[in-house]
Amino acid sequence: MTSSKATGCAATGASSGPARQVSLWSLSVLLAALPLAVQAENDALRDPILVPGAAWAFDGFRVNVPAEPGWYSLAKDAQYGDLAKDLPNGVKLAAIVEARKLDAPLVGEQELLDFLRREQASVPDPATMKLIDYTAQPFAPKGMLCSRFAVKFDDRRTQFPAPGLLLVRGMACGRPDQPDVVVTLSYARRGPVEDVTPEAQKAADSFIDSLRFLPSNPAVISQAGLAVRSTTPQDAVALLTPAAEDGDTEAALFLGNLYLYGHGAAHDFPAARKWLELAAKDGRAEAMYNLGAMYDKGLGMPRDVPQAIKWFTLAADQRDAPAQLNIALFYLNGDGVPKDIGSAEQWLKRAAGNGSKRAQGILTQGKYKEQQ
């Protein structure tokens, strides 16, 4: 099976390409997300989250996804995450992560409060929704510009079987290293009555409070990239090591890949694993994938399929198509696990839904069904 996601330094980080321009999370985004939660079980957008509470990396920050079972994702990229969960009695949950690059930095807490009120308290459809309550409270953790907010709406939209309440709690913070970027986490509950339990409140707060901005030094990453392509690629290691030791996960991922692929440094699989595990701890799916590949191929260690599946699953939860494909192939071939064509097909569909042409080809040919 193919276990190499990329060669060279192609997996050095999600922020190396142009950022997707998205709007700051707003009521309209949440209202678009909640109806998706009622789509059919075979909706290709739905990827179950198999490791609740795990760290997920975005561009410059990380978040811990909700720690309760039953959540699934609808979208994930370097700036945006859309998660949902269905509860009994028609209750729907949504957890949204979004970063937006603004036209100009927000200056001062009042400007942030005014901006959030415009975004959060607006009602896109006054005929079917009514704002009941809105509050926002600024705070400054470690000098950052942040605000918590809470919104309550009477929700009578026709796509739901009965009128209900939409309750939203969230937090927005300016990104410390890029003052024109705002990161927002929001947790919403839509149901027939307002019966939020202390456990549900704790779950919401745990998700909202999990936002962590990560140390980064784009100049070092850029210089290391130039060094790798120069006649002295070993200079990249000298540039990256101090940054990685200071907790820069982008540098740790880059450095781990250099040792893994032996470019700019001699092959050193223990060193590769050390730095990739550091990046994986902060939710980097690329690092999780490459750790899975190392265990799959037995690089610097005996081959260990359960460990490979563990790391591939962590990456697959973030909608990493090559990781999803590899899990499918384990089950399809009975490689280290019992052969399970049904599970293989599920993983192939997830991988194809996230852009894997190889998975789509296997599904289209359908030859795997002959193995049942």
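Q: How does Asp-86 count at its relative accessibility?
A: Asp-86 is partly exposed, at 28% relative accessibility. (Buried is under 20% relative accessible area, exposed is over 50% and partly exposed is in between, using a 1.4 Å probe and protein chains only.) This is a predicted model, where local features need pLDDT of at least 70, side-chain atom pairs count only at pLDDT 80 or more, and totals for chains, interfaces and linings use all residues. Residues are numbered from 1 along each chain as its sequence is written, while side-chain values use heavy atoms and leave out hydrogens and water.

Q: Thanks! Which side chain does Asp-86 meet in a salt bridge?
A: That of Arg-46, at 3.4 Å from N to O. (A salt bridge needs a side-chain nitrogen of Lys or Arg within 4 Å of a carboxyl oxygen of Asp or Glu.)

Q: And where do those two sit in the chain?
A: Asp-86 is in strand β5 (residues 80-86), while Arg-46 is in the loop between α1 (27-36) and β1 (47-48), so this pair links distant parts of the chain, 40 residues apart. (Helices, H or I with at least four residues, and strands, E with at least two, are DSSP runs numbered from the N terminus.) Arg-46 is buried, with a relative accessible area of 11%. Lys-92 joins Arg-46 and Asp-86 in a network of salt bridges.

Q: How many salt bridges does a search of the whole structure find?
A: There are 16. One of them is between Lys-101 and Asp-180, whose closest N and O atoms are 2.6 Å apart. Because Lys-101 lies in strand β6 (residues 92-101) and Asp-180 in strand β10, this pair ties together parts 79 residues apart in sequence. Lys-101 is partly exposed at 45%, but Asp-180 is buried at 17%.

Q: What about Arg-284, what does it form a salt bridge with?
A: Its partner is Glu-250, again with the closest N and O atoms 2.6 Å apart. Arg-284 is in the loop between α7 (269-281) and α8 (285-297) and Glu-250 is in helix α6 (residues 249-261), so parts 34 residues apart in sequence are tied together. Arg-284 counts as buried, at 6%, and Glu-250 is buried too, at 11%.

Q: New topic: how many residues of strand β9 are buried?
A: Strand β9 (residues 164-175) has 11 of its 12 residues buried, so the rest of the structure largely encloses this strand.

Q: Which strands are joined to β9 by bridges?
A: Strand β8 (residues 146-155) runs antiparallel to β9 and has 10 bridges to it. Strand β10 (residues 178-191) is also antiparallel to β9, with 11 bridges. (Strands pair if DSSP finds at least two bridges between them.) Asp-155 stands opposite Gly-164 in β9, and Leu-165 stands opposite Gly-191 in β10. β9 and β10 form a hairpin, with two residues between them.

Q: Cool. How many aromatic pairs does a search of the whole structure find?
A: Six. Among them, Phe-58 and Phe-61 are stacked, 5.2 Å centre to centre with 10° between the planes. (Rings of Phe, Tyr and Trp, using its six-membered ring, pair if their centres lie within 6.5 Å; planes under 30 degrees apart are stacked, over 60 edge-to-face, the rest tilted.)

Q: Are those two Phe residues buried or exposed?
A: Phe-58 is buried at 5%, and Phe-61 is buried at 0%. Together with Phe-213, Phe-58 and Phe-61 form one aromatic cluster.
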